[in-house]
Amino acid sequence: MSCKFKILSLTLVTLFIVFGGHELQSINWSSYIMVSGMGSVGEGAGIAFYNLDTNPRQEMILMAYDAPSGANNFRYRIGWNVGTNGRAVSWSSYIVVGGVGHVGEGAGVAFTNLDSNSRPEMILMAYDAPGGANNFRYRIGWNVKTNGHATSWSSYIIVGGVGNLGEGAGLTFTNLDSNSRPEMVIMAYDAPGGANNFRYRIGWNMKTNGYATSWSSYVMVGGVGDLGEGAGVALANIDSNPRPEMILMAYDAPGGANNFRYRVGWNVRMNGYATSWSNYTMIGGVGDLGEGADLALVNLDSNSKPEMILMAYDAPSGANNFRYRIGWNFDSFEISREDNDHQFVGYVSNEESRFVDYVWGFVDEFKNTWTNSQYYWGQCRFLGTGHLSFADSADLAYIAGHGSPSYIVMSSGQGCSLSNKAWGSYSTSGRTGDLEYIVFHSCQVLKMDSGWRGRWRRYYSTRNQPRPFSGLHIAMGFRTNHYNGAGAGSWAADEFAENLEDGFNVRYAWYEAAEDARWLAGWTGNKPAIFYIRPHKYETIGGHNSQDYRYGDSQYLLDAYYMK
Amino acid sequence: MDMKYIYVIIACLAIGLVVIPATGDEVIIPSNIQQKINTETAKVKVRVPLNKPFIDQNKQLFRTWVSGSIDLTKATKRVSRRFNRTTFGQKVTRIKPRLLTERLKLISRTETPTGGAVSPVAQPRAKVSAQPQAKAKVRYTSGLQLEKVKALQLKTPMQIIYREGPMYFRFQKLREVRAEAPLQKSVAVQLGKNFLLNNSFIRETNKDKIGAVYVQERRINEERGERQQPVDYLVQQDLVFERHYEGKPVLNSKAVIGIFPGTKEIVLFKHFNWTPLEEQKIQKISPQMLRSVSSATGSEIANRLQQKIRKYSGKFTRAEVKQVIPAWFQTEESLIPVLAFEIFIEYPSPKGPWSRTYLEVINLAGSDDIFFKERKAVQRPREIR
């Protein structure tokens, strides 16, 4: 074997250990690709894919709702024959289409075929913002030719808006009902004071003249932040259920760099409502300031799973530009199906009445803030075989019973080993696990001996075995014995609930509650420990819908905060 | 059947009835422990009233101190449904470190206390308008004498919490910094005592003193990656002060100062149930008075203890009282005498017998409900198939 070959072999082995050995199931995101913009100020932007020419590769259409002084106008460019790497072979110069007003708070572009002509229609929409209530306004470019120009343009059609202030808007076409005519979905990212929300309306059975037969009232879906600089909507079927999924995305704009955040509405029914909504997934943005954003699902490569394209119309000083990222092979497994309620459960071992005191202490207080969905005598299956119906059906579980390292007695004779349990959205292939926080009000369950991490998180050697941190954010308990003393147990439980309500982050809420109660327990034991996945370190209960982590994610790092 | 066999059976059953509890959930109170219980309960007991003007003065004192970090007029506010207390919260991006060496500035006033010679400790030193009978000698300004420390600009907002009840104060910055080394325990304790005493957060007398001081470490054990050694580091030292009155612990009085060891910055300050006393006005509780409100004899106390152990400790196989600790408990009115018991207890489990030691407390001057009077009636969980 030559020296070069040895080095090559060694490199390959190393690469396998570093990358191949991990369960790298996350979507692989490209860095952003930049395309020149079409002006200095935009008030919305959109992206669409359609095959306009005879080449089998699709075209990418990027649109900006340009906002010079006076009336706005739509401007779009065509990226011809987008390759498997997500880049167009060439770009057209931009084409201008008259706008629909002077101020827009979002815009979108979509293709569909409305008439009997085989050429598609291009629909350009802006969320017009006169004083008072906004409204959607769209124009139809009839029978777009192979050069990307429409044969003719309709005047604009107005559809009632969904609020007074929008921070993004989008549109898409789909067929939701049994009628063969398509539905048009228009969405705005409404921005009242405080948190934003998505609001969409459905235009049922679009007629050949471009008008909907009827319009639904708006459907509201929780947003993904307080400030957006663009938003989009897409529909596609990404799971095995025949009903389509709706993806709502906003380009969130906290201080500093922006980021994309999307939610998935699973299996949209014939009435236009999703069966359930995922938490939001966050993807790194492409700049600090956006003047429009959108998303598209398209298949670019040979893999049958579609790619997700996230685009923002970046607005540095001077001319704007489009920046898009490609998420390769978008998979339903990537999206958590956790619900968005605020539920918690309480389980009590029947071995001592003080355990009732502990759990009730928490349940009684915290139910003022969240919903208590289960308060049961404990059973091992609540954490094991039945976890999806029990512990994993809620966001927080509070459990009391006799404990030892990674072990709890859920009821007389039912000792329950915890190191072979998995909780959280990655605990099942369906990603339906809901649990974020779990409390073991027990002796030593969170003991920090030399093997504690191996019992709680996955490693390469245990990557295919269940472990508690499978999307779980934080586990709390005691690393030592826990003494009730003159009421330290129930006191701590009450204080924990109060601390959560008062905005302590979850980790501190438990530590402080346990520490406060130690005076009643004689000082020797009751030393709290909190295990958490690092990105959840400062999480309050308000952030329980944040992204989950699993083995293979670079941030899947298990830390402990504890009393020595 | 011959009657003598029946007598034997009855006798055996009778013996059995006596013996069975000893082999099941037995609570053993050794004779020396029972003797000590008898001795303690036979003593004339006293209540020591709180010096009530100080309750409001402490509040003023704390409000003055926390005003250096949190603006209570702008902070969010939540009134607890259960406890008599309010929590204020504020997010800040600019903070001034609060140091252990910080002192509240006192401004002397010209008037002198009325009512003749009074103990300088029992006499309130801080002006509080809510209690007109509390004549003040000095008052605190609204400003603080802060060491010259540079304000820090934080990258991300930090939450500051202030929680306040009549005898409950908690100040906390939800922030942590990695420390290179702990502050030496004796130094930390001395600095902490100076802070408490010199700023009058605690007022010692000959009888009412700081007792044991514990130094607890908060640490983070941080993962460095799958094949790398984790890093374990200190982020905070908590100085926990116990209170003793006449040499006996006051179980629910507690002061905690949490600091960053490197900078001695205070990031946590808790002060629970530590109100100065009117020591000259102690109230004797005669055995007759006690009998009217509580079981008072040694054997009655032992019975209450056994019932309590059985009620809260459930299916144990054995419990033994190892130690009796005479102590106090601060209520909203006074210090009351209690007995704390160290109990060793053993349970069956699928993994073999487990044991632990814990504290139980009996109020010698009334009901045990005072230990957690905010507690509501407990609802039992549901059985699910």
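How many residue pairs in polar contact does the rule find across the interface of domain 1 of chain A and domain 2 of chain A? The rule finds zero such pairs with both residues at pLDDT 80 or more, a polar contact being a pair of N or O atoms within 3.5 Å in which, within protein, one atom must be able to donate a hydrogen and the other to accept it, while residues adjacent in sequence count only if both atoms are side-chain atoms.

This is a predicted model, in which local features need pLDDT of at least 70 and side-chain atom pairs count only at pLDDT 80 or more, whereas totals for chains, interfaces and linings use all residues. Residues are numbered from 1 along each chain as its sequence is written, chains are lettered from A in the order in which they are written, and side-chain values use heavy atoms, with hydrogens and water left out.

**Two interfaces**

Chain A is divided into domain 1 (33-334) and domain 2 (343-562), with bounds that come from an automatic or database domain assignment, and the centres of the two domains, taken over C-alpha atoms, are 42 Å apart. The table sets their interface beside that of chain A and chain B, with buried area as the accessible area (1.4 Å probe) that two parts lose on being put together, summed over both.

| Interface | Buried area | Share on carbon and sulfur atoms |
|---|---|---|
| Domain 1 and domain 2 of chain A | about 620 Å² | 40% |
| Chain A and chain B | about 6600 Å² | 48% |

In terms of contact (heavy atoms within 4.5 Å), five residues of domain 1 of chain A meet eight residues of domain 2 of chain A, while 80 residues from chain A and 72 residues from chain B take part in the contact of the chains. Counting as a salt bridge a side-chain nitrogen of Lys or Arg within 4 Å of a carboxyl oxygen of Asp or Glu, there are zero between the two domains of chain A but 24 across the interface of chain A and chain B. Among the latter is the bridge of A:Arg507 with B:Glu176, whose closest N and O atoms lie 3.0 Å apart.

**A buried arginine**

A:Arg199 lies in strand S15 (residues 197-204) of chain A, strands being DSSP runs (E, at least two residues) numbered from the N terminus. A:Arg199 counts as buried because its relative accessibility is 11%, the limit being under 20% relative accessible area (1.4 Å probe, protein chains only). Its side chain reaches the backbone oxygen of A:Val162 at 2.6 Å.

Conventions
Helix = DSSP H or I, 4+ residues; strand = E, 2+ residues; numbered from the N terminus. Buried < 20%, exposed > 50% of the residue type's maximum accessible area, 1.4 Å probe, protein only.
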